[in-house]
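Work through the exercises below with the coordinates open. Each task is followed by a solution in steps.

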Amino acid sequence: MNDLASVLVVRKKLVVGNWKMNGSLARNAALLGGLKAAAVGGEVERVVCPPYPYLVQAIESLAGVPIAVGAQNLSAIKEGAHTGEVSASMLTDLGCRWVIVGHSERRNLYGEDDVAVAAKVQAALDAKLMPILCVGETLSQREAGQAESIVHRQLDGVVSVLGAERAGAVVVAYEPVWAIGTGRTASPEQAQAIHASIRAFLASRGVNAAEVRLLYGGSVTAANAASLFAQADIDGALVGGASLQVEGFSEICVAAAAS
Ligand code: PGA
C-alpha cells in the first residue's frame, strides 16, 4: 500500500497555518504583508486560517497571491437560529476555500465528538469547502498503546457518514495532542508510522487513499519540517505557533517545496 502510495501518485505538498485565537488588524497586516512577499512559486500549496473576524482582511490582502484562506471551524447547520455560529456557505461567500474541522482544541475544550465532526465535514463538502480533518491521540492514549486505534476510530466516524468516495476528498491532519504547542514534536518515524497506518486504514475502507493528502501537525518548525516532509506519507503540515511568524511559515513552505 505504502509503495503504491508513494510511487504512483504525486501529492502536492500542502502547508496550512492555523493562527488559532491570535492576531489583530495591525498584527495581521504585518504578517500578511510578509507572507505575500515570501510566497514566490515553488511546488507547495499554502493556506492561512485566521480567526473568523479577520477572514475578509486576509482574503482581500492575499488577492492574486498564491496563498488561500481557510477558517478554523464551521457550523454543521446551514442557517437559522444558531446564535454565534458560522455556516459553510458564509465562508465560501467570503472567498474561503478551506476549513479546519475537529481540531483537538475543538474536541477537548468544546466537546466536539466524532458525530459532530463528521457532520461538519459533510457540511463543508456540501458547500465546496475543502475540509482539513484533524485526528490524533492524547499522551495517555499513546502510552496505553492506543494511538492507532484512536485515530482509526476518529477516521471511521467520518468515513462511515460520508462514504468512501466523498471521504477521498478530505485532507487529513494527524496531530498528536501531546505535540501541539508543547515543543515536543513526534519524531519523523513516529509520525510516518501513524500516517502509513492512516493511509492503510482509509484504503481498507475503500477510500482512494493514495490520493489523500496527510498533513502532520504538532510543534512543526523550520528546524524540523524537512525531516518530516522527507517521510513517504507526510504530505505537508498544519502549523500553529510557527505560522504566526513570516520566517517560520515561509521556511516551512520552502522545505515543503524542496521535498
Ligand atoms: P503548534 O499547533 O504548531 O503550535 O503545535 C499545531 C496545531 O494545533 O494545529
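Buried means a relative accessible area under 20%, exposed means over 50%, and partly exposed lies in between. The model is predicted.

**Exercise 1.** List the buried residues of α12 and state what they pack against.

Solution. Step 1: apply the cut-off of under 20%. In α12 this selects Gly248, Phe249, Ser250, Ile252, Cys253, Ala255 and Ala256. Step 2: look up their partners. These buried residues pack against the strands β1 (13–18), β2 (44–49) and β8 (236–239), and against α2 and α11 (225–229).

**Exercise 2.** Classify the packing of α2 against α12 by axis angle, and give the handedness of the crossing.

Solution. Step 1: the axes of α2 and α12 (residues 246–258) come within 9 Å and cross at roughly 30°. Step 2: angles under 35 degrees count as roughly parallel, so α2 is roughly parallel to α12. Step 3: the crossing is right-handed. Step 4: α2 contributes Ala30, Leu31, Gly34, Leu35 and Ala38 to the contact, and α12 contributes Val246, Phe249 and Ser250. Step 5: by type, these residues divide into six nonpolar, two polar and no charged.

**Exercise 3.** Is Ala38 buried, exposed or partly exposed, and which residues does Ala38 contact beyond its neighbours within four places in sequence?

Solution. Step 1: Ala38 belongs to helix α2 (residues 25–38). Step 2: its relative accessible area is 30%, so Ala38 is partly exposed. Step 3: with neighbours within four places set aside, Ala38 is in contact with Arg46 and Ser250. Step 4: the C-alpha atoms of Ala38 and Val246 are separated by 7.9 Å, although the two residues are 208 residues apart along the chain.

Conventions:
Residues are numbered from 1 along each chain as its sequence is written. This is a predicted model: local features need pLDDT of at least 70, side-chain atom pairs count only at pLDDT 80 or more; totals for chains, interfaces and linings use all residues. Side-chain values use heavy atoms; hydrogens and water are left out. Helices (H or I, at least four residues) and strands (E, at least two) are DSSP runs, numbered from the N terminus. Buried means under 20% relative accessible area, exposed over 50%, partly exposed in between (1.4 Å probe, protein chains only). Contact means heavy atoms within 4.5 Å. Axes are lines fitted to C-alpha atoms, for helices over the stretch in contact, and angles run from 0 to 180 degrees between N-to-C directions. Angles under 35 degrees count as roughly parallel, over 145 as roughly antiparallel, 65 to 115 as roughly perpendicular and the rest as oblique. A crossing is left-handed if the near helix is turned anticlockwise from the far one by less than a right angle, and right-handed if clockwise. Ala, Val, Leu, Ile, Met, Phe, Trp, Tyr, Cys and Pro count as nonpolar, Asp, Glu, Lys and Arg as charged, and the others, Gly among them, as polar.
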